[in-house]
Amino acid sequence: MLTLTRADNGKSITIQVNDLLLVSLDENPTTGFQWAVDGVGSDLVKLQASEYVPAIESRVGGGGQRILTFKAQRAGIDQLRLKLWREWQGEPSIVVRFTVRLQVRE
């Protein structure tokens, strides 16, 4: 299992088929902004789970982490793209993007 954070934005990552990839990004859902997969993407990795974990010292309205769990499905090269947005406001509401280049090996 490999965990990525905001510091990994723009990097190239190599994983194996059936490996789990966790992406942990800052989020404060009380603002309405949430992380989501950006576009249809490829079938190299499949989203398994998306969970919000409040910070331990967080108060009401405080932030935390969005943990997105992906599983490598097949070998190939592509990008994993995520966006921080307000879904109901559409594409103009995107404030941050997260992208990594994935190489999945057999």
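1. In this predicted model, the mean position of the 13 positive charges of the chain and that of the 12 negative charges lie 2 Å apart.

2. As to overall dimensions, the radius of gyration of the chain is 14 Å, which agrees with the value near 13 Å that a compact globule of 106 residues would have. Along the principal axes, the C-alpha atoms occupy a box of roughly 45 × 30 × 20 Å.

3. The secondary structure consists of 8 strands and 0 helices, so that, read from the N terminus, the order of elements is β-β-β-β-β-β-β-β. Of the contacts in the chain between residues at least 6 apart in sequence, 64% link residues at least 24 apart.

4. Turning to the surface, 34% of the 106 residues count as buried, while the accessible surface of the chain amounts to about 6300 Å², with 50% of that area belonging to carbon and sulfur atoms.

5. One residue that merits a separate comment is R66, which is placed in strand 6, a strand spanning residues 64-72. R66 counts as buried because its relative accessibility is 9%, and the cut-off for that class is under 20%.

6. The side chain of R66 makes a polar contact, at 2.7 Å, with the side chain of E27. When neighbours within four places in sequence are left aside, E27 is also among the residues in contact with R66, together with V23, S24, L25, Q34, W35, S50, E51 and Y52.

Methods
Residues are numbered from 1 along each chain as its sequence is written. This is a predicted model: local features need pLDDT of at least 70, side-chain atom pairs count only at pLDDT 80 or more; totals for chains, interfaces and linings use all residues. Side-chain values use heavy atoms; hydrogens and water are left out. Helices (H or I, at least four residues) and strands (E, at least two) are DSSP runs, numbered from the N terminus. The radius of gyration is taken over C-alpha atoms; the globule rule is 2.2 Å times the number of residues to the power 0.38. Buried means under 20% relative accessible area, exposed over 50%, partly exposed in between (1.4 Å probe, protein chains only). Contact means heavy atoms within 4.5 Å. Accessible areas come from the Shrake-Rupley method with a 1.4 Å probe; for residues, only the protein chains shown count as cover. Lys and Arg count as positive and Asp and Glu as negative; His and the chain ends are not counted. The place of a charge is taken as NZ of Lys, CZ of Arg, CG of Asp or CD of Glu. A polar contact is a pair of N or O atoms within 3.5 Å; within protein, one must be able to donate a hydrogen and the other to accept it, and residues adjacent in sequence count only if both atoms are side-chain atoms.
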